[in-house]
Structure formats: C-alpha cells, structure tokens
Amino acid sequence: MRPVRLTMAGAAVALMLAAACRPVEDHGARWSKARGPAAVKPAEPSPATKGAKATEVARTAALYPVAPPPFSDGVFPCSECHGKTDVVNRTPHPVEFHEDIVLHHDEKNRWCLDCHDAQNRDKLHLADGRLIDFTESYRLCGQCHGPTLRNWKAGEHGKRTGSWNGAKQYLLCANCHSPHSPHFKPIKPKPAPMRQEAIK
C-alpha cells in the first residue's frame, strides 16, 4: 500500500511542477482555468484600487516636493496648440514649430511620444500608459535610470534647496539636464590667471 501512496504523491508533485513551470505568456495566468486572450487581459481596477493609487501619488508628492518644471517661455500648457481630438501622426518625423529641439537621448529607439502623451499633451506618460504631471517627470526618468532615481531620492544626486530639517524642495532632473539632450555640454575653459610678474 505504501508504494502506491508514494507513486500517487509523486504524480501529484509532478503535475504541480509542470503547471508552475508553464510559460505565463504562452498560456495565461498560472493556476487559472482561463485560457486565450481573456486570460491575460488585465482586470479593470476597482474604485478602491484607484483610490489607493491616488493616495500613493499624493504621498509621493508630499515626500518629494519639487521645484517648478523649467518650461521654456510660451510652450506650456501644450494644449494651447495641441487639442485632444487632433489626428496624431505617431511615426517619428520632424515636427514643425519644435524644430529647435534636437533629440540626443537614445534617439535611435525613442521619440517624442515615448514620453509625451499623444492625446493629453499637458501630461507625460509612463511606459505602462499611466499619465503623470510634469512635476512627476522624475518617475518617467527613473524608468530607465533607476539607480539615479534612488540616489536622487536619497539626496546623493541632484540638488535640494531649503532647510535640512524643515521645508525643502527637490530640483527635477530637467532643472539640470535637458530631457532631449541630457548630457552636459563641454564648457569652454576660462583663460588662465595672469602671472604675478605680468601684473604692474
């Protein structure tokens, strides 16, 4: 009787391992009877989930009060020129009126609409499609520059103003780096100081 029990237990373990090792992307969620596209379709968040996310966003904003984004004169709000019902050409192409912007930021793989939302131009969007304000742009940057975002939050990168034990303000990434060309440009060196014997 004992060998039969051991065989049945082994078979059960083998079935569980096979289910656990099944690729999720091929067969939907593990341990679910649902199959096909419906199995991988994300569920609509409940009002409680939406409320929790709003609370999390507010908590993050309170933790990291930021300086105003450094908009160029006359470019914000973007909705003054871009309407929500505009037909958007999503293919990368030169953009009239913004020809002064030269993208040197992984430009072979990225384009304006990878960060700017196509429908709501006064917002940015994360990789998962969530809209964020320009004051939260550090979240967008942190998607690719995670260690730098961690250091920024800890005060090891970037600049804060204010009191160490009171109100303080974090400068956004865009306050120091151009989001379209973030590397610092070479600075022309100042002339060497005059030698003392040349001073009369």
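Asparagine 120 sits in the loop between α4 and β1. In this predicted model, asparagine 120 counts as buried, at 17% relative accessibility. The cut-off for that label is under 20%. Beyond residues up to four places away in sequence, asparagine 120 touches Lys84 and Leu131.

The loop between α4 and β1 also holds phenylalanine 76. Here the relative accessible area is 33%, so phenylalanine 76 is partly exposed. Together with Phe71 and Val75, Phe76 makes a nonpolar surface patch of about 210 Å². The surface of the whole chain comes to about 15800 Å². Carbon and sulfur atoms supply 61% of that exposed area.

The overall fold comes next. The chain has seven helices and four strands. Along the sequence, these elements follow the pattern α-α-α-α-β-β-α-α-β-β-α. The chain has 200 residues, and buried residues make up 17% of them. Contacts with a separation of 6 or more were also examined. Of these, 43% are between residues 24 or more positions apart.

Aromatic rings provide one set of links. The structure holds eight aromatic pairs. One of them joins tyrosine 64 and tryptophan 152, with ring centres 5.8 Å apart. The planes of these two rings stand at 35°, so the pair is tilted. Tilted pairs fall between the stacked class, under 30 degrees, and the edge-to-face class, over 60. Tyrosine 64 lies in the loop between α4 and β1, whereas tryptophan 152 belongs to helix α6, residues 146–154. The pair therefore ties together parts that are 88 residues apart in sequence. Both residues are shielded from the surface to the extent that they count as buried. Tyrosine 64 has a relative accessible area of 15%. For tryptophan 152 the value is 3%. Tyr64 and Trp152 also belong to one aromatic cluster, along with Tyr138 and Tyr170.

Charged side chains provide another set of links. Side chains of opposite charge can pair when their charged atoms come close. The structure holds four salt bridges. Among them is the one between aspartate 133 and lysine 123, with an N to O distance of 2.4 Å. Aspartate 133 lies in the loop between β2 (131–132) and α5 (137–142). Lysine 123 lies in the loop between α4 (47–63) and β1 (124–125). The bridge therefore ties together parts that are ten residues apart in sequence. Aspartate 133 is partly exposed, at a relative accessible area of 32%. Lysine 123 is partly exposed too, at 24% relative accessibility.

Another salt bridge joins the side chains of arginine 130 and aspartate 128. Its N to O distance is 2.8 Å. The two partners fall into separate exposure classes. Arginine 130 is partly exposed, at 39% relative accessibility. Aspartate 128 is exposed, with a relative accessible area of 51%. The exposed class requires a value over 50%.

A salt bridge also links glutamate 136 and arginine 139 through their side chains. Nitrogen and oxygen lie 2.9 Å apart in this bridge. Glutamate 136 is buried, with a relative accessible area of 12%. Its partner, arginine 139, counts as partly exposed at 23% relative accessibility.

Serine 181 was examined as well. This residue is found in the segment after α7 (173–176). At 13% relative accessibility, serine 181 counts as buried. A polar contact of 3.1 Å joins the side chain of serine 181 to that of lysine 185. Leaving aside residues up to four places away in sequence, serine 181 touches Val102 and His104.

Several of these results meet in the loop between α4 and β1. Asparagine 120 is in this loop, and so is phenylalanine 76. The loop supplies lysine 123 to a salt bridge with aspartate 133. The loop also supplies tyrosine 64 to the tilted pair with tryptophan 152. Exposure varies among these residues of the loop. Asparagine 120 is buried, and tyrosine 64 is buried. Phenylalanine 76 is partly exposed, and lysine 123 is partly exposed.

Technical notes: Residues numbered from 1 in each chain as written. Predicted model: local features only at pLDDT ≥ 70, side-chain atom pairs only at ≥ 80, totals over all residues. Heavy atoms only, no water. Helix = DSSP H or I, 4+ residues; strand = E, 2+ residues; numbered from the N terminus. Buried < 20%, exposed > 50% of the residue type's maximum accessible area, 1.4 Å probe, protein only. Contact = heavy atoms within 4.5 Å. Areas by Shrake-Rupley, 256 points an atom, 1.4 Å probe, with all protein chains shown as cover. Patch = residues over 30% accessible without salt bridge, like charges linked within 9 Å, V, L, I, M, F, W, Y side chains within 5 Å. Polar contact = N/O pair within 3.5 Å; in protein donor to acceptor, adjacent residues only side chain to side chain. Phe/Tyr/Trp six-rings, centres within 6.5 Å; stacked < 30°, edge-to-face > 60°.
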